[in-house]
Amino acid sequence: MARSSIEEVSESGAFVRSPSAFHNFISEDPNSPFPAESGRYHLYVSFACPWACRCLAYLKLKGLDKIIGHTVVKSKWGRTKDGDTHTGWVFPASNAEEAGAEPDPINGATSVRELYEIASTIYSGKYSVPVCDISVKWLFYFH
């Protein structure tokens, strides 16, 4: 499985998205494992990712931004772990570091990679946005 979007470019230069390991649905059914509940879900996005921007636009257009919070990561990749060469989406250390980006208010994570590692200690795929975190440590991948 690809560990970053750079590894998802075909020989012809086309972007070929690999399937998400975390793929679930929020449902209106109150008995669903993921019921629609205000304040339960939190979306992580990057303004540099077209898929994430599409999700953020959808939240705003549908008025869901009033019930689903969101946090914006830095627009440039950075190291996601000390002693590791992987680069990916990272959170700024403060609100002043990059306009629009902010530290993770839910988990205190320093990178999106850390969010995935919180959700699963055995996950080995890519660490991508948009991703939705819920209070019971499940991740959703939106696309």
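These legends walk you through several close-up views of a predicted model.

**View 1. Tyrosine Y41 at the start of a strand.** Let's begin with Y41, which belongs to strand β1, residues 41-45. Is Y41 buried or exposed? Its relative accessible area is 4%, and buried means under 20%, so Y41 counts as buried. The side chain of Y41 has backbone oxygens for company: the one of P35 is reached at 2.6 Å, and the one of F34 lies 3.4 Å from a polar atom of the Y41 side chain. Y41 and I67 are 26 residues apart along the chain, yet 8.1 Å separates their C-alpha atoms.

**View 2. Two strands and a helix.** Now follow β1 across to its partner, strand β2, which covers residues 69-72. How do β1 and β2 run? They are parallel, and 4 bridges join them. To find one of these spots, look for Y44, whose bridge partner in β2 is T71. Add helix α1, residues 50-62, and you have a right-handed β-α-β unit made of β1, α1 and β2.

**View 3. The largest nonpolar core.** How many residues does the largest nonpolar core have? There are 24, and L43 and V112 have the most contacts inside this core. Several elements contribute: β1, α1, α2 (112-119) and β5 (131-134) each supply at least two of the core's residues.

**View 4. Serine S46 in the loop after β1.** Where does S46 sit? Look in the loop that links β1 and α1. S46 has a relative accessible area of 0%, so this residue is buried. The S46 side chain reaches the backbone nitrogen of A48 at 3.1 Å. Beyond the residues up to four places away in sequence, S46 touches A52, C53, V73, K74, S75, W89 and V129.

**View 5. Threonine T80 in another loop.** Here the loop lies between β3 (78-79) and β4 (87-88), and T80 is part of it. Why does T80 count as buried? Because its relative accessible area is 9%, and the cut-off for buried is under 20%. Which side chain does the T80 side chain meet in a polar contact? It is that of R113, at 3.1 Å. Leaving out residues up to four places away in sequence, T80 touches H86, T87, G88, W89, V90, S111 and R113. You may recognise W89 from the previous view, where it appears among the residues touched by S46.

Definitions and conventions:
Residues are numbered from 1 along each chain as its sequence is written. This is a predicted model: local features need pLDDT of at least 70, side-chain atom pairs count only at pLDDT 80 or more; totals for chains, interfaces and linings use all residues. Side-chain values use heavy atoms; hydrogens and water are left out. Buried means under 20% relative accessible area, exposed over 50%, partly exposed in between (1.4 Å probe, protein chains only). A polar contact is a pair of N or O atoms within 3.5 Å; within protein, one must be able to donate a hydrogen and the other to accept it, and residues adjacent in sequence count only if both atoms are side-chain atoms. Contact means heavy atoms within 4.5 Å. Two strands pair if DSSP finds at least two bridges between them. A crossover is right-handed if, with the strands pointing away from the viewer, the path from the first strand over the helix to the second runs clockwise. A nonpolar core is a set of buried Ala, Val, Leu, Ile, Met, Phe, Trp, Tyr and Cys residues joined through side-chain atoms within 4.5 Å.
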